[in-house]
Structure formats: structure tokens, C-alpha cells
Amino acid sequence: MDAELRAQQLSDGFVQFTSAHFEPLYQLGLLDPETAGMMFETANDMMNDEIISALQAGFVALEEGRLNTTEIAALIAIGSVAWQRNVVPDTVLDYYFGFGGNQSPRVASAL
């Protein structure tokens, strides 16, 4: 079954780099769009179970104040992919990243 699914060449082509998801980092001069795009592509190569695990660990580390700026940017990239793939509830992603319009996302307060 694994071989059959891999042979189907399923595509995540609908998942697109959304530069606006990285806006808090741009505003503070902590990241540029080119680097954000590369981080997004790395995250988009992850399987959904890897994304969920990375977000869970990342949220714990974020709440404990253990993430540096690069790790926060990588977490945003993973969150952006998760948002578009619908693998994590939107309310969770909005709380942490503000993708749904939350004006005070948790990640912004960690910068």
C-alpha cells in the first residue's frame, strides 16, 4: 500500500509561501523574505505527522522561553504549512501565529 500511495505522486502544490506570515520578524529586522521562503520550503518538505510533532514541541519551548529568533522563524514556517494543509486547528495556529487575524499572537510576544 505504501508503494501505491507513493506512486500516485500526490502534490501539495496548493501550499504556497505566504510572506505575510513572517511579518513580525520582518518589522523587527530579524528576517528577510528570501530566508523566510527557504525556511518555508524546508517546512513544506515535512510530512504531516512531523509538522504536528514539531509544532507541539515548538509551542512548549516557546511558552518556556527557550526559542531563539531562528527557531521562532522555523516554527512560523512550520505553522504556515500546517495552516494551509489544515492539519492543526485554525484556532491553535491563530493563537500562536495570528494567521487568522489575532492581533496579539503568542509568537510576537516572544520576540
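**Exercise 1.** Which residues make a nonpolar surface patch of about 250 Å²?

Solution. The model is predicted. The patch is made by L28, L30 and L111. To place one of these residues, take L111: this leucine sits in the segment after helix 7 (106-109). Its relative accessible area is 32%. A residue joins a patch only with over 30% relative accessible area, and L111 at 32% is classed as partly exposed.

**Exercise 2.** Describe the span of helix 3 and find how its buried residues are arranged around the axis.

Solution. Start with the span. Helix 3 covers residues 33-44, twelve residues in total, and reaches 16 Å from its first C-alpha to its last. This is close to the 16 Å expected at 1.5 Å a residue.

Next, list the buried residues of helix 3: A36, G37, M39, F40, A43 and N44. Seen down the helix axis, these buried residues fall within an arc of 165 degrees, so they line one face of helix 3.

Then look at the face turned away from the buried side, which carries the exposed residues E34, M38 and T42. For T42 the relative accessibility is 55%; exposed means over 50%, so T42 counts as exposed.

Finally, identify the packing partners. The buried residues of helix 3 pack against helix 2 (23-27), helix 4 (48-63) and helix 5 (69-85).

**Exercise 3.** Is A77 buried or exposed, and which residues does A77 touch, not counting those up to four places away in sequence?

Solution. A77 belongs to helix 5. Its relative accessible area is 0%, so A77 is buried. Leaving out residues up to four places away in sequence, A77 touches F22, M39, F40 and A43. Of the residues it touches, M39, F40 and A43 are among the buried residues of helix 3.

Two C-alpha separations add to the picture. A77 and E41 are 36 residues apart along the chain, with their C-alpha atoms separated by 8.3 Å. For T42 and V81, 39 residues apart along the chain, the separation is 9.9 Å.

**Exercise 4.** How many salt bridges does the count come to?

Solution. With nitrogen and oxygen required to lie within 4 Å, the count comes to two salt bridges.

- R106 pairs with E63, the closest N and O atoms being 3.0 Å apart. This pair links distant parts of the chain, R106 in helix 7 and E63 in helix 4, 43 residues apart. E63 is partly exposed at 37% relative accessible area.
- E64 pairs with R66, the closest N and O atoms being 2.6 Å apart. E64 counts as exposed at 52% relative accessibility, and R66 also counts as exposed, at 52%.

Terms used: Residues numbered from 1 in each chain as written. Predicted model: local features only at pLDDT ≥ 70, side-chain atom pairs only at ≥ 80, totals over all residues. Heavy atoms only, no water. Patch = residues over 30% accessible without salt bridge, like charges linked within 9 Å, V, L, I, M, F, W, Y side chains within 5 Å. Areas by Shrake-Rupley, 256 points an atom, 1.4 Å probe, with all protein chains shown as cover. Salt bridge = Lys/Arg side-chain N within 4 Å of Asp/Glu carboxyl O. Helix = DSSP H or I, 4+ residues; strand = E, 2+ residues; numbered from the N terminus. Buried < 20%, exposed > 50% of the residue type's maximum accessible area, 1.4 Å probe, protein only. Expected span 1.5 Å × (residues − 1). Arc of directions from axis to C-beta. Contact = heavy atoms within 4.5 Å.
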